[in-house]
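Subject: Structure for you to look over

Dear colleague,

Here is the structure I promised to hand over, with my notes below it. Please have it open beside you as you read.

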Amino acid sequence: MSVVRSLAVLLVAALVSSTTAARGWQVTQPFVGITYSDKTLDSPRPLRLHVAQIDLRAPGIRFKVSPPGGDREVMRQSTLDFLTQERAQLAINGHFFLPFPSEDKTAWVIGLGASEGRVFSAFEIPEQSYALVAFAPAINIDRDNQATIVTYDPSFADRQHVREKVSLWNVVSGSSQIVTSGVATVPVYRDDNHFDADLDPGGPNNYSNARPWADATTARTAIGLSQDRRTLTLFTVDVRGGSEGMKLSEVAAMLIRDFSVLDALNLDGGGSTTMAMEDPATGKPSIANMSSDNPLGRVVATSLAVFANRR
């Protein structure tokens, strides 16, 4: 990489760090191209947040989604174990999955999924239509680190094709797109005033627009892109250790306000929420957040690993 480009990468990282720090975040740069921010808040309730921003142009940055395997679509594995196995520097949990709850060692992934070019899960209409939208958008990071929100192309029967002119490489899907073109887009329920809404009322707690699933204050994991598509933001908030979780609308607002995210997806949350990271000084992997499932994090369906050069 040229000296000019190296200086440009460092300048962008410095600008991101200074802007985030100005909003009260504790900011470090543990690896080349990764800016890590954490913050403790007292309002609107006690919160502990962990955010990693990845400069997609930085030398050494690459990604990997958990690969397919087993008698379903994937072998379940904790995000920490995936980080350790792959010798990555950072990882977060990814897809919602079934069966759940379950002690099974394998799972079906909900939504589009791919690992290094192997598409192993298709767009779908989920059973949990009170929380997950049909044919939910996904995020694709191609082999050149070009990141794009991708959407379902109904002209293909296999449900594994997207409208965008991209090659699927590493793909993660969630419940819905919660930020679209810089605006919060948390989905609502079909009722007499919302004929074209994306969610069905009902579910285990009789969810509706009066009582939405998205308004639960719980642990959350989200992934977002900047306007220039050069910065990938990975977001987690805890619901343990003095942190009481967030609504999806609050997550969307924070991503827009503090991290200039243009588009974002909500990934699996609650006990699945995990951000694992290698200690840049010792090389020891650990969980940055506090899992509400167990100290080592839930055994989930997929995780997204980030590889970066050490400083």
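In what sense do β8 and strand β9 (residues 106-109) pair, and over how many bridges? Before the answer, please keep in mind that this is a predicted model. The two strands pair in the antiparallel sense, and two bridges join them. Within that pairing, Leu-98 has Trp-108 of β9 as its bridge partner. The sheet to which they belong is an open one of three strands, with antiparallel pairing, and its order is β5-β9-β8. Because β5 (74-75) and β8 each have a single partner strand, they stand at the edges of the sheet, and one side of each is left without a neighbour there. As background, strands of a sheet pair through backbone hydrogen bonds, in either a parallel or an antiparallel arrangement.

Strand β8 comes up again at the largest pocket, which holds about 480 Å³ of space. β8 (97-98) and β19 (261-267) are the elements that give two or more residues to the lining of this pocket. The lining is made up of 22 residues, and those nearest the centre of the pocket are Phe-96, Phe-100, Tyr-130, Trp-213 and Asp-268. By residue class, the lining of the largest pocket has 13 nonpolar, six polar and three charged members.

Turning to enclosed space, the structure has three cavities of 30 Å³ or more. The second largest cavity has a volume of about 50 Å³, and the residues that line it include Ile-110, Gly-111, Phe-123, Glu-124, Ser-173 and Gly-174. The lining of this second largest cavity divides into seven nonpolar residues, three polar and one charged.

The charged pairs deserve a separate paragraph, since the count comes to eleven salt bridges. One of them is between the side chains of Lys-39 and Asp-258, with an N to O distance of 3.9 Å, a value to be read against the cut-off of 4 Å that is used for a salt bridge. This pair links distant parts of the chain, with Lys-39 in strand β2 (residues 34-41) and Asp-258 in helix α3 (residues 248-259), 219 residues apart. Lys-39 and Asp-258 are both buried.

A second salt bridge joins the side chains of Arg-229 and Asp-263, at 3.0 Å from N to O. Because Arg-229 lies in the loop between β17 (220-226) and β18 (231-237) while Asp-263 lies in strand β19, the pair ties together parts that are 34 residues apart in sequence. The two partners differ in how they are classed: Arg-229 has a relative accessible area of 29% and is therefore partly exposed, whereas Asp-263, at 6% relative accessibility, counts as buried.

Asp-293 and Arg-298 also meet through their side chains in a salt bridge, again with an N to O distance of 3.0 Å. Here Asp-293 is partly exposed, at 37% relative accessibility, and Arg-298 is buried, with a relative accessible area of 13%. Elsewhere, salt bridges that share partners join Lys-39, Arg-257 and Asp-258 into one network.

With best wishes

Methods:
Residues are numbered from 1 along each chain as its sequence is written. This is a predicted model: local features need pLDDT of at least 70, side-chain atom pairs count only at pLDDT 80 or more; totals for chains, interfaces and linings use all residues. Side-chain values use heavy atoms; hydrogens and water are left out. On a 1 Å grid over the protein atoms alone, a cavity is a set of points where a 1.4 Å probe fits but cannot get out, and a pocket is an open set with protein on both sides within 12 Å along at least five of seven lines; lining residues have an atom within 4 Å of a point. Grid points are joined across faces, edges and corners, and a volume is the space filled by probe spheres set on the points. Helices (H or I, at least four residues) and strands (E, at least two) are DSSP runs, numbered from the N terminus. Ala, Val, Leu, Ile, Met, Phe, Trp, Tyr, Cys and Pro count as nonpolar, Asp, Glu, Lys and Arg as charged, and the others, Gly among them, as polar. Buried means under 20% relative accessible area, exposed over 50%, partly exposed in between (1.4 Å probe, protein chains only). Two strands pair if DSSP finds at least two bridges between them.
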